Amino acid sequence: MYPQVVIDLEKLSHNARQLSRIAAERGVTELAFVTKVFCADTEMVRTIAASPCRYLADSRVENLARSGGMGKERILLRLPMPSQAAEVVRAAEISFNSEQAALRALSQAAREAGLVHKAVLMIDLGDLREGIFFQNEALLLETAAMAEADPNLELFGTAFNLTCYGSVLPSEENLAAFLEMTEKIEKQIGRRLPFISGGNSSSIPLLLAGKMPGRVNNLRLGEALVLGRETAYGADLDGMYGDAVRLEAEVVEVQVKPSYPIGEIGVNAFGERGSYTDIGPRRRAIAAIGRQDMDCDSLRPALAGVTVVGASSDHLILDVTDCEKPVEVGDALSFTMTYGGLLRGFTSGYVGRSYERIGR
């Protein structure tokens, strides 16, 4: 089926083992691999679960429930909805939290299920997404005390998230603030917390530079796992594959056409006013994938000389004039993707999946 994402399970397995080794050598021994970007695809989860990671993490309760953990503890990354508390405690052993109302709902659901649910407190270091704001010490300590006193909850640790909304980078300074608040919680409850999460794939540069504080024993890695890159600066990681997942789309038209539209120009089907440059007649190909299927701006052609010109709902327009080999109708062209493209490709109901298996 085209279009399709093609998953190289051997490359994915290599990335998982490589990240586990890099982290363990620097004291981060309890990695969480994030399955959100590939919607907890069963084959991919099984592959990464065979690595030394400690946890599987996802933002969707449905994904965690479907994966079943495969021998790993499961973390719900998105703040729990109180209305979904019963599903949360069944699908995830651990959840990230910032609201007392949600903790109360989780406590009741855990009691009814005969469980003790592990709660991690999120601290907002200034990225302004989720978490108790780091300057609101009173609220943080009050929430920690509430979770610590609840017999149906275990106050398991602290975590933060950076770069996802405010683009704030992890630094020695904001990690120091994070650990300062963590130590104040520990002083209040009279014990050390076992889970200290130092961020996501954007924290890898600090890790590689040897600047990750020793108390941090966890990172949540998704983009680094699948795309082989850190997310603070977008740099590829040495020894990692960037094409463990690629997209393939079939060519349905190849013709020579002008490069500038003919006629009065208005807006396109999405209400956008396009920008066009007249570079003369060009050999153009159309692939059967469009903006309803995929974030087409995220696609990077694997074949040298292919250029993405644009996309409509159903068609991806390509310039293949300078292609190193002729592109013909019926050919399947391969593309790598950004994180956004991966997310759309796995979420789309119009994009299939196929696997290149270990030992093929």
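**Helices, a buried tyrosine and a lined pocket**

Helix α1, residues 9–25, has 17 residues, which at 1.5 Å a residue should span 24 Å, and its end C-alpha atoms are indeed 24 Å apart. The model is a predicted one, so a word on its overall make-up may help before the details of this helix are taken further. The chain has 360 residues, and 51% of them count as buried. Its secondary structure comes to ten helices and 17 strands. Taken along the principal axes, the C-alpha atoms fill a box of roughly 75 × 50 × 45 Å. Among contacts between residues at least 6 apart in sequence, 63% join residues that are at least 24 apart.

Back at α1, the N-terminal end is capped by Asp8, with a side-chain oxygen of that residue lying 3.1 Å from the backbone nitrogen of Glu10. The buried residues of this helix are Leu9, Lys11, Leu12, Ser13, Asn15, Ala16, Gln18, Leu19, Ser20, Ile22 and Ala23. The list includes the polar or charged names Lys11, Ser13, Asn15, Gln18 and Ser20 alongside Leu9, Leu12 and Leu19. Just after α1, Gly27 takes a positive phi of about 90°.Helix α6 offers a second example. Residues 137–149 form this helix of 13 residues, and the reach of 18 Å from the first C-alpha to the last is close to the 18 Å expected at 1.5 Å a residue. Within α6, Leu140, Leu141, Thr143, Ala144 and Ala147 are buried. These buried residues cover an arc of only 160° around the axis, which puts them on the same side of α6. An α-helix has 3.6 residues a turn, so residues three or four places apart point the same way. On the other side of α6, Ala138 and Ala149 are exposed. The cover over the buried residues of α6 includes two helices, α5 and α7 (172–189), together with the strands β6 (117–124), β7 (132–133) and β8 (153–159).

Turning to single positions, Tyr55 sits in strand β3, which runs over residues 55–58. With a relative accessibility of 0%, Tyr55 counts as buried, the cut-off being under 20%. Leaving aside neighbours within four places in sequence, the contacts of Tyr55 are with Glu30, Leu31, Ala32, Phe33, Lys72, Glu73, Ile75, Ile94, Phe156, Phe195 and Asn218. With one of these residues, Glu30, there is also a polar contact between side chains, at 3.2 Å. Gln18 lies 37 residues from Tyr55 in sequence, and the two C-alpha atoms are 16 Å apart in space.

Ser98 is placed in a loop, the one between β5 (94–97) and α5 (100–113). The relative accessibility of Ser98 is 12%, and on that basis the residue counts as buried. Not counting residues up to four places away in sequence, Ser98 touches Leu79, Met122, Gly131 and Ile132.

A few backbone features deserve a look. The peptide bond from Tyr2 to Pro3 is cis, with omega near -5°, and Pro3 belongs to the segment before β1 (4–8). Positive phi values also turn up in residues other than glycine. One is Cys39, with phi near 50°, in the loop between β2 (32–34) and α2 (42–49). Cys39 counts as buried, at 17% relative accessibility. Another is Ser167, where phi is near 65°; this serine is found in the loop between β8 and α7.

Finally, the largest pocket has a volume of about 930 Å³. Its lining is made up of 36 residues, and those nearest the centre are Tyr276, Val309, Gly310, Ala311 and Ile317. Strands β11 (245–257), β12 (282–287), β14 (307–311) and β15 (316–319) each supply at least two residues of this lining. The largest share, four residues, comes from β14.

How values were computed. Residues are numbered from 1 along each chain as its sequence is written. This is a predicted model: local features need pLDDT of at least 70, side-chain atom pairs count only at pLDDT 80 or more; totals for chains, interfaces and linings use all residues. Side-chain values use heavy atoms; hydrogens and water are left out. Buried means under 20% relative accessible area, exposed over 50%, partly exposed in between (1.4 Å probe, protein chains only). Contact means heavy atoms within 4.5 Å. A polar contact is a pair of N or O atoms within 3.5 Å; within protein, one must be able to donate a hydrogen and the other to accept it, and residues adjacent in sequence count only if both atoms are side-chain atoms. The expected span of a helix is 1.5 Å times one less than its number of residues. The arc is that of the directions from the helix axis to the C-beta atoms. On a 1 Å grid over the protein atoms alone, a cavity is a set of points where a 1.4 Å probe fits but cannot get out, and a pocket is an open set with protein on both sides within 12 Å along at least five of seven lines; lining residues have an atom within 4 Å of a point. Grid points are joined across faces, edges and corners, and a volume is the space filled by probe spheres set on the points.
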